[in-house]
Amino acid sequence: MLPGEEEKRERKTTARDVLRFARHYWAPKKTLGVMAALTMLLSVAMDAILPVYTGRIVDALTGHAAADAGALHAAWAAFFGFAALAALHQILRIISMFYWNAFAVHNLYMIVTDSMRKVQRFSADWHANTFAGGTVRKITRGMWAFDMFEDTLLMGILPAATIMTGVAIMLMIKLPLVGIAAMTLIFLYCLMTVWMSISILSPRFRASAEEDTRMGATLADAITGNPTVKSFGAEKREEGIFGNVAASWRDIAYNAWQFGITADAVRSLFRVAMVGSAVALTILLWKEGKATPGDVVLVITTFFIIGGYLRDIGMHISHLQRSASDMDDIVSFWLREDDVSDAKNAKPIVVGQASNIDIIAFERVGFRYPNTGKDIYRDLSVKIRRGEKLALVGPSGGGKSTFVKLLQRLYNVSEGVIHIDGQDISQVTLESLRQAVSLVPQDPILFHRTLADNIAYGRPDASREAIIDAAKKAYAHDFIMTLPKGYDTLVGERGVKLSGGERQRVAIARAILADSPILIMDEATSSLDSVSEHYIQKALETLMTGKTTITIAHRLSTIQKADRILVFDQGRIVEEGSHKSLMENPHSHYKKLYDMQVLGLVETAEDIVILEGKRA
Ligand code: ADP
């Protein structure tokens, strides 16, 4: 990847991006949206004409005696007009809301499911560099921000703009002078509101939202890492770290809120001045015989009605601003094109049918992690035979994990190609590739679901018998049967209710059931009790039968049984061969290191090579 590409993928979103995002989600159900907007506009139009009828009622009654049948008739006619408009206004509004709810809820559903789908597929690198808690908040906040965004635009700003225009036209016709004054004042008011929102409020609320995300992520980090926090008795330290982040949020949010209130006060005073001047102007016109008492009522009612819309304009602008900035992340997720995705004509991988002797071939592979210029591999070529048991050893940072990550295509190679059974892994579907390559990780993560679900994760349609059979082979059946609900026992979040050894065995059962032809095992470095250790070794032997296996080895027992050992150091394979052949070479590093371990000088294979590295 070229430098700068990462920024391109995660750039700040622009207003145009937000609109494109909105259009994308509005399109599928646009008829509902259009119906909601139309009925809302009709309802608002009823509201705009309403003052004409209040004015007519007053004019019909002013200067006439109570017995004047003509006056009374005119007043009733105006009253029924008024009542009909008011009722229509409400009925149309409700109809509009029915349409709107159907439209909005569907959009939110699409956004949240699409975001989940996208984020799940983001590269391992993205996930490694992103707080899970932060992402969860970004998605839910983005979804609700979109709700506010469309609500504001279509149910707030659109009706407000319509009523302002309607009222201005109506006043221009009835009282041109007041109409001109009102239009000028409304225009100035809107200008001031938009300026305040964009220049004063928005940067402050954006900063507050950023701190809010940081606060959520810090909290999630501390809570996810709770076992570590506990083991170091570091609660106070974590509280200190979180306290600082929370205090920063408090200060920034307080500042934003105070400015929000001040801006609101300025707008309210402006509105009072606006109503005052329009009414005063009409009274002056009345004095000159250019306006009736009904006109005064018309102006007061008009401003009474548009007062609400005007007051809300400030709120709409700030909602629009805030929702657009809260949507930043979800829109950038939507825009982001991930580098690890299916090629255009990707086909499912087929393993076991080709006549290749080598099931895996790294051919002149070069690799750099995105965002780092450092070469991890240069010109690395490795061939692995079908059914071979391979062990990777070497110092920490030597490139063992990267090797298996590339094989799973968690990252794309920078140069060269990786073949599995003769097929370039960048040209097969990711789903099929990951099904062909099973991983038993160092510290398996279990889902907060039943044990049966956890075991069947790689083969969700597996029967209960198959699940139990796999558990038996993984020496997990006996301990599962001692649990209160057996296979239906819910595993605590992240599997903490089970011991490390038990989780390992569930993970092995999962891999046995998945039955992938290629198996990657990252041995647990933490020492398990010897009973667990014994069972796990036996379970692994069952699991490995008939498969091609690559073990990131930390223990010598695994290394001895391997058909071939690759010794990694700084992205290069410095030695390779079986335990026997490496031991037969009196000059091999491996032999020296092995001897040292047998003497008990070091504990794990990694330590051996590290020591050797230091000596060399
Ligand atoms: P090992 O498994 O042998 O300990 P790794 O394959 O994890 O070694 O690491 C090889 C090198 O790649 C190290 O220098 C490490 O710092 C670097 N590295 C590993 N993961 C990442 C990552 N996600 N981003 C950038 N560099 C990484």
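Which residue in strand 9 does valine 393 stand opposite? I looked this up first, keeping in mind that the model is predicted. The partner turned out to be valine 567.

**Entry: strand 9 and its neighbours**

I noted that strand 9 covers residues 564-569. I checked how covered the strand is, and 5 of its 6 residues are buried. Next I looked for its pairings. Strand 3, residues 389-393, runs parallel to strand 9, and 4 bridges join the two. Strand 10, residues 572-577, runs antiparallel to strand 9, with 5 bridges between them. I picked out one pair here: isoleucine 565 has glycine 577 in strand 10 as its bridge partner.

Then I went to the turn. Strand 9 and strand 10 form a hairpin with 2 residues between the strands. I looked at glutamine 570 in this hairpin and found a positive phi near 50°.

**Entry: a helix pair**

I reminded myself that two packed helices are described by the angle between their axes and the distance between the axes. So what are those values for helix 15 and helix 17? The axes of helix 15 (residues 464-473) and helix 17 (residues 500-514) come within 8 Å and cross at roughly 125°. Because of that angle, I wrote down helix 15 as oblique to helix 17. The crossing is right-handed.

I also listed who makes the contact. Helix 15 brings Ala466, Ile467, Ala470, Ala471 and Lys473, while helix 17 brings Ala509, Ile512 and Leu513. Sorted by class, that contact has 7 nonpolar residues, no polar ones and 1 charged.

Definitions and conventions
Residues are numbered from 1 along each chain as its sequence is written. This is a predicted model: local features need pLDDT of at least 70, side-chain atom pairs count only at pLDDT 80 or more; totals for chains, interfaces and linings use all residues. Side-chain values use heavy atoms; hydrogens and water are left out. Buried means under 20% relative accessible area, exposed over 50%, partly exposed in between (1.4 Å probe, protein chains only). Helices (H or I, at least four residues) and strands (E, at least two) are DSSP runs, numbered from the N terminus. Two strands pair if DSSP finds at least two bridges between them. Axes are lines fitted to C-alpha atoms, for helices over the stretch in contact, and angles run from 0 to 180 degrees between N-to-C directions. Angles under 35 degrees count as roughly parallel, over 145 as roughly antiparallel, 65 to 115 as roughly perpendicular and the rest as oblique. A crossing is left-handed if the near helix is turned anticlockwise from the far one by less than a right angle, and right-handed if clockwise. Contact means heavy atoms within 4.5 Å. Ala, Val, Leu, Ile, Met, Phe, Trp, Tyr, Cys and Pro count as nonpolar, Asp, Glu, Lys and Arg as charged, and the others, Gly among them, as polar.
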